[in-house]
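Me: Could you take a close look at one part of this model for me, the place where the two chains meet? I'd be glad of a connected account.

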Amino acid sequence: MSERRQTEMTTLGFLGLIPFWAGALALWASPMIVPVFVALDFHRIALAYGALIVAYLAGVGSGGGLSPDKSQYRSFLPGQLIVLGAFAVLILGGVFQFALGDAWRHVVIIVLLVYLLLRDLAAVTEGRLPAWYGKLRVRLTFWASAALILIALRLFLWGQY
Amino acid sequence: MTELAQGPKAADVGLPQSAAVLAYAGALPLIVSALSILLRPDDIAATAAGFMVVYGGVLIAFFGGVRWGIAVVRPAGPSFAALIGGVLPLLAAMPIFFLEDMRVRLLIILIALPVLLVDDLRATRRGSGAPEWYLGVRTPLTILMEISFLVAFVFALRAA
């Protein structure tokens, strides 16, 4: 793949981190600079966005396992389970008797992101995904997780867990 | 007649059985929710519709990811159009979680799912998409999901 295309993909990937870092910055700038209700809106956006990114990356792994040769097909099951995990993060704001605190929902997103990274790195090792993709995923997962850790920490400090 | 109109070649129609089972299992929560809306419209229908909206948003992101994953493993790498096409479902899914109006949220899903399917079918026809056996299950699955979301949409229209 051309260097230009890799640069485009890296740029797109890092642009995709904006909602996470906007959430982290808003929460840590609150209440001094950003009003609390605005910061909490940023946290909700980061949470929904995180769950969507998890579902998206689960889909990328599943799509990468779709081989024209049926005998080479990789099961969708891990991807579907991850999608259910993302769904649970979004729905567990309080349904029936179940509820997961805001900070813990971010922690679940981090765990799912790290699992997906390990899964994709294994696919790179097996030659099912290209090496450049693995390198990009490591960088993006690191920075996304760092932002989510900051968000979760702030919410823990505020007692929202 | 185009290749698309003719449908998958007979040799490609048979797909791994596990893939079919898993795909339909993935649609089960939607079908159960739609049935709940039909059978219990006065008590759990609103909760079921809420479930469906969240599940639909996550599914749109997943299908966008699948499309992107297929592009990534191509030897030449993904084209810029494929990159943008992979990101658009994410952008389409975001408002589903923040809009107030249930009808609009369901409408986004009702539009996005067939658009994604048609885009996948076109990519396969061009030879840059999923293998035909995968689309052999995606097509009936999308129809099934559309019917489920339509049930929720009609409920939301009546409830408004």
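Reply: Happily; here is a walk through the contact between the chains, one residue in it, and a peptide bond.

This is a predicted model, in which local features need pLDDT of at least 70, side-chain atom pairs count only at pLDDT 80 or more, and totals for chains, interfaces and linings use all residues. Residues are numbered from 1 along each chain as its sequence is written, while chains are lettered from A and ligands numbered from 1 in the order in which they are written.

Chain A and chain B each bring 36 residues to the contact (two residues are in contact if their C-beta atoms, placed from the backbone, lie within 7 Å). On the side of chain A that touches chain B, the elements giving two or more residues are helix H1 (3–15), H3 and helix H4 (77–91) of chain A. Helices here are DSSP runs of H or I with at least four residues, numbered from the N terminus. H3(A) gives the most, with 14 residues. By class, this side of chain A has 25 nonpolar, seven polar and four charged residues; Ala, Val, Leu, Ile, Met, Phe, Trp, Tyr, Cys and Pro count as nonpolar, Asp, Glu, Lys and Arg as charged, and the others, Gly among them, as polar.

From chain B, consider Val72(B), in helix H4 (residues 45–72) of that chain. Leaving out residues up to four places away in sequence, Val72(B) touches Val60(A), Gly64(A), Leu129(A), Pro130(A), Tyr133(A) and Pro78(B). Val72(B) is buried because 22 other C-beta atoms lie within 10 Å, and the cut-off for buried is 20 or more, with C-beta atoms placed from the backbone.

Back in chain A, Pro31(A) sits in the loop between helix H2 (18–28) and helix H3 (36–64). The peptide bond from Ser30(A) to Pro31(A) is cis, with omega near 5°. Most peptide bonds are trans.

Notes:
A residue is buried if 20 or more other C-beta atoms lie within 10 Å of its own, exposed if 12 or fewer, and partly exposed in between; C-beta atoms are placed from the backbone.
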